[in-house]
Amino acid sequence: MGPPGAGKGTQATGIAAHYGIPAISTGSIFRQNVADQTPLGLQIKSLMESGEYVPDALTVELVSERLSRPDCANGWLLDGFPRTLPQVMTLDDAGLFADAVISLVCDTEVLVARMLHRAEVEGRPDDNEATIRHRFEVYAAQTDPLLEVYHARGVVVDIDGIGSVEEVSSRITAALDAKLGH
Ligand code: AMP
């Protein structure tokens, strides 16, 4: 978990590869659906472009289906899910409890600069300036409170998210190995 632009996607891919498990990114799956103009993609295009969350029902259905595939049998890493309390409850109800929740801690101003840069180089249509601001508001209102829930369960691993990709990923694997006893 982490605010917009914290580098969740980049880190998720590297960390999942390190442990040999799939990284499941709801944001990339949604972006792919928008790009392919699937029925789901057409339904969520404007929400994503304005920085709103996709409705829980659609998100939960997608994640449940993905986690039921054979490559998830030995573990999984979720990137960008859960983002709302109902999404947390869905995982709980399915008996899917995370061993660890990685929280990337970053300064907001650093993140805004990083996101503007990323929007430029990747040409992501959901990353214009107004959308970026709105995404921070949505994150603060809907997703930040989830960290309290996971803190109470003792599963959160706080990671300083400022640094090079390699620095941050070393911090994550070191902290996870210590926590999970690898
Ligand atoms: P991300 O790449 O994780 O920042 O996700 C990009 C966009 O996809 C978000 O701004 C939301 O519109 C949508 N999205 C991704 N994951 C979720 C989720 N768990 N719940 C609702 N919307 C999501």
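Visitor: Where is Pro82 found?
Guide: Keep in mind that this is a predicted model. Pro82 shares a cis peptide bond with Phe81, and omega there is about 0°. As for its place in the chain, Pro82 sits in the loop between β2 and α5 (85-93).

Visitor: Okay, another loop. What is the phi of Gln37?
Guide: Look just after α2, where Gln37 turns up. This residue lies in the loop between α2 and α3. Gln37 is not a glycine, and yet its phi is positive, at about 55°.

Visitor: Is Gln37 buried or exposed?
Guide: You need a cut-off for this one: exposed means over 50% relative accessible area. Gln37 has a relative accessibility of 57%, so it counts as exposed.

Visitor: Let's go back to the helix before it. Which residues of α2 are buried?
Guide: The helix α2 covers residues 26-35. To count as buried, a residue must have under 20% relative accessible area. In α2, the buried ones are Thr26, Gly27, Phe30 and Asn33.

Visitor: Why are those four on the same side of α2?
Guide: Picture looking along the helix axis, with Thr26, Gly27, Phe30 and Asn33 as the buried residues. They end up on the same side of α2 because the arc they cover around the axis is only 125°.

Visitor: And what do the buried residues of α2 pack against?
Guide: Two of the elements are listed with helix names, α3 (39-50) and α4 (56-67). The buried residues of α2 also pack against the strands β1 (23-25) and β2 (77-79).

Visitor: Now the ligand. Which element gives the most to the shell around it?
Guide: The ligand is surrounded by 15 residues, and the closest are Thr26, Glu52, Gly80, Arg83 and Arg135. Sorted by class, the shell has five nonpolar, five polar and five charged residues. With four residues, the element that gives the most is α2.

Visitor: How far is a polar side-chain atom of Arg135 from an oxygen atom of the ligand?
Guide: Let's go through some arginines. Arg31 has a polar side-chain atom 2.9 Å from an oxygen atom of the ligand. For Arg83, an N or O atom in the side chain is 2.9 Å from a nitrogen atom of the ligand. For Arg135, the distance from a polar side-chain atom to a ligand oxygen is 2.4 Å.

Visitor: What percentage of the ligand's accessible area does the protein cover?
Guide: Start with the ligand on its own, which has 480 Å² of accessible area. Of that area, the protein covers 96%.

Conventions. Residues are numbered from 1 along each chain as its sequence is written. This is a predicted model: local features need pLDDT of at least 70, side-chain atom pairs count only at pLDDT 80 or more; totals for chains, interfaces and linings use all residues. Side-chain values use heavy atoms; hydrogens and water are left out. Buried means under 20% relative accessible area, exposed over 50%, partly exposed in between (1.4 Å probe, protein chains only). The arc is that of the directions from the helix axis to the C-beta atoms. Contact means heavy atoms within 4.5 Å. A residue is near a molecule or strand if one of its heavy atoms lies within 4 Å of it. A polar contact is a pair of N or O atoms within 3.5 Å; within protein, one must be able to donate a hydrogen and the other to accept it, and residues adjacent in sequence count only if both atoms are side-chain atoms. Accessible areas come from the Shrake-Rupley method with a 1.4 Å probe; for residues, only the protein chains shown count as cover. Ala, Val, Leu, Ile, Met, Phe, Trp, Tyr, Cys and Pro count as nonpolar, Asp, Glu, Lys and Arg as charged, and the others, Gly among them, as polar.
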